[in-house]
Amino acid sequence: MAKLELTTESIKDLMLSFSRCGLTGLEIEDEGFKLSFSKEQTVVEVAPQQPVVAAVPSVAPATPAPAVEEQAPTHTGTPVVSPIVGTFYAAASPEKPPFVTVGSQVKKGDVLFIIESMKLMNEITSEVDGTVQEICVQNGEAVEYSQPIMYIG
């Protein structure tokens, strides 16, 4: 296996290539030398653990970036959650159109979707009047109790 030799220029080239592509993380480790890139924290860490044959400029120890909390997506409208664990179905059968789609106007009591649980088909109805803003699950997807299925605004 070839020995990893990085120069300041090759590290800069790696950083530039990394920022241009869709990667969110990259880690290179070779005989005690570790180089990692991460878009979430935008920190470049160079931490040699033992002598390495590489021309790396002396860098002050990287201080860990404060943890960045992921921001929850902002949904508009009233969430419609699954009342049970089961499988989500958007329509009464595969041949029929979905009960609702994004943009559909619904009234209180309208059937929105079906949750199959223990071989029983449970029709879930709207508790509010409004417009379907977002549908969060795909047809045939397993859902959990209290999982948001859609939002009505």
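The following questions and answers walk through a predicted model of one chain.

Visitor: What should I know about numbering and confidence in this model?
Guide: Residues are numbered from 1 along each chain as its sequence is written, and side-chain values use heavy atoms, with hydrogens and water left out. The model is predicted: local features need pLDDT of at least 70, side-chain atom pairs count only at pLDDT 80 or more, and totals for chains, interfaces and linings use all residues.

Visitor: How many helices and strands does the chain have?
Guide: Helices (H or I, at least four residues) and strands (E, at least two) are DSSP runs, numbered from the N terminus. From that end the elements run α-β-β-β-β-β-β-β-β-β-β-β. The count is one helix and eleven strands.

Visitor: What share of the residues is buried?
Guide: Buried means under 20% relative accessible area, exposed over 50%, partly exposed in between (1.4 Å probe, protein chains only). The chain has 153 residues. Buried ones make up 23%.

Visitor: What is the accessible surface of the chain?
Guide: Accessible areas come from the Shrake-Rupley method with a 1.4 Å probe; for residues, only the protein chains shown count as cover. Carbon and sulfur atoms hold 55% of the surface. The total is about 10,600 Å².

Visitor: Which strands stand at the edges of the open sheet?
Guide: Two strands pair if DSSP finds at least two bridges between them. Four strands form this sheet in the order β8-β7-β5-β10, with antiparallel pairing. Two of them have a single partner strand each, so one side of each is left without a neighbour in the sheet; these are β8 (120-125) and β10 (142-143).

Visitor: How many bridges join β7 to β8?
Guide: The two strands run antiparallel. Val111 stands opposite Thr125 in β8. The number of bridges is six.

Visitor: Why is strand β11 largely enclosed by the rest of the structure?
Guide: β11 covers residues 148-152. Strand β4 (residues 78-81) runs antiparallel to β11 and is joined to it by four bridges, with Thr78 partnered by Ile152. β9 (residues 130-135) is also antiparallel to β11, with three bridges, and Glu134 stands opposite Tyr151. β11 counts as largely enclosed because its buried residues number four of the five.

Visitor: Which residues of the largest nonpolar core touch the most other members?
Guide: A nonpolar core is a set of buried Ala, Val, Leu, Ile, Met, Phe, Trp, Tyr and Cys residues joined through side-chain atoms within 4.5 Å. This one has 15 residues. β7 (111-117) and β11 each supply at least two of them. The residues asked for are Val80, Phe88, Leu112, Phe113 and Met150.

Visitor: What does Met150 touch?
Guide: Contact means heavy atoms within 4.5 Å. Residues up to four places away in sequence are not counted. The list is Thr78, Pro79, Val80, Val100, Leu112, Phe113, Val132, Glu134, Ile135 and Cys136.

Visitor: Which residues form the aromatic pair?
Guide: Rings of Phe, Tyr and Trp (its six-membered ring) pair if their centres lie within 6.5 Å; planes under 30 degrees apart count as stacked, over 60 as edge-to-face and the rest as tilted. The structure holds one such pair. It is tilted, at 5.3 Å centre to centre and 50° between the planes. The partners, 25 residues apart, are Phe88 in strand β5 (residues 86-89) and Phe113 in strand β7.

Visitor: Is Phe113 buried or exposed?
Guide: Its pair partner, Phe88, has 2% relative accessibility and counts as buried. Phe113 has 0% relative accessibility, so Phe113 is buried.

Visitor: Which backbone oxygen lies 3.0 Å from a polar side-chain atom of Ser117?
Guide: Ser117 lies in strand β7 and is buried, with a relative accessible area of 18%. Beyond its neighbours within four places in sequence, Ser117 is in contact with Ile84, Val85, Gly86 and Asn122. The oxygen belongs to Val85.

Visitor: Is Leu120 buried or exposed?
Guide: Leu120 is in strand β8. Its C-alpha atom is separated by 9.5 Å from that of Gly86, 34 residues apart along the chain. With a relative accessible area of 55%, Leu120 is exposed.

Key:
A polar contact is a pair of N or O atoms within 3.5 Å; within protein, one must be able to donate a hydrogen and the other to accept it, and residues adjacent in sequence count only if both atoms are side-chain atoms.
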